[in-house]
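Reader: I should like a close look at one part of this model, namely the packing of its helices and the core beside them. Please set out the residues involved and define each term as it arises.

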Amino acid sequence: ELLAHGTPEEVDRAAGAVADLLHRLLRGGLFNRDLKLSNVLVEEPGEPARAWLLDPVAIRPMRSPRRQCARMLERLAVEAREAGIPFLAAQPR
């Protein structure tokens, strides 16, 4: 919903929160086989926004970090791509 209807600032904050969630999973050596946007809740009241997993039952210890990180990134993009939401190139911060 946020990708389709949020302001650029809201989308940027949510993207940062999801990136932080992915970073925390990777840092913890965890792989989520079902990491998708509909399983992520972004809490925005504070600075910075935080993302929470709604359905963590697919989390397993990571065995192949590069391959499993790539899979989680790909899974995050599936729903947005299916909804026809274009991906923009990342802007340097």
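Author: The account below begins with the helix pair, continues to the core, and then takes up several individual residues.

The model is predicted, so local features are reported only at pLDDT of at least 70 and side-chain atom pairs only at pLDDT 80 or more, while totals for chains, interfaces and linings use all residues. Residues are numbered from 1 along each chain as its sequence is written, and side-chain values use heavy atoms, with hydrogens and water left out.

Two packed helices are described by the angle between their axes and the distance between the axes. Helices and strands here are DSSP runs numbered from the N terminus, a helix being H or I over at least four residues and a strand E over at least two. The axes of α2 and α3 come within 11 Å and cross at roughly 155°; such axes are lines fitted to C-alpha atoms, for helices over the stretch in contact, and angles run from 0 to 180 degrees between N-to-C directions. The two helices α2 and α3 are therefore roughly antiparallel, a term for angles over 145 degrees, as against roughly parallel under 35, roughly perpendicular from 65 to 115, and oblique for the rest. The crossing of α2 past α3 is right-handed, which means that the near helix is turned clockwise from the far one by less than a right angle, anticlockwise being left-handed.

On the α2 side the contact (heavy atoms within 4.5 Å) is made by V18, L22, L25 and L26, and on the α3 side by C69, M72, L73 and L76. By class, these residues are eight nonpolar, no polar and no charged. Nonpolar here covers Ala, Val, Leu, Ile, Met, Phe, Trp, Tyr, Cys and Pro; charged covers Asp, Glu, Lys and Arg; the others, Gly among them, are polar.

In soluble globular proteins, nonpolar side chains tend to be buried together. A nonpolar core is a set of buried Ala, Val, Leu, Ile, Met, Phe, Trp, Tyr and Cys residues joined through side-chain atoms within 4.5 Å. Buried means under 20% relative accessible area, exposed over 50%, and partly exposed in between, with a 1.4 Å probe and protein chains only. The largest nonpolar core has 13 residues, of which V18, L35, V40, A51 and M72 touch the most other members. Two or more residues come from each of α2 (8-27) and α3 (65-82), and α2 gives the most, with five residues.

M72 deserves separate mention. Not counting residues up to four places away in sequence, M72 touches L22, L25, L26, L30, F31, N32, L35 and M62.

One of these partners, N32, is found in strand β1 (residues 30-32) and is buried, with a relative accessible area of 1%. With the same sequence neighbours set aside, N32 touches L25, L53, A58, I59 and M72. The C-alpha atoms of N32 and V57, 25 residues apart along the chain, are separated by 8.3 Å.

Another partner, L26, lies in helix α2 and is partly exposed, at 29% relative accessible area. Beyond four places in sequence, L26 touches M62, C69 and M72. L26 and E9 are 17 residues apart in sequence and 26 Å apart in space, C-alpha to C-alpha.

Helix α2 also holds G16, which is partly exposed at 30% relative accessible area. Its C-alpha atom is separated by 8.4 Å from that of P48, 32 residues apart along the chain.
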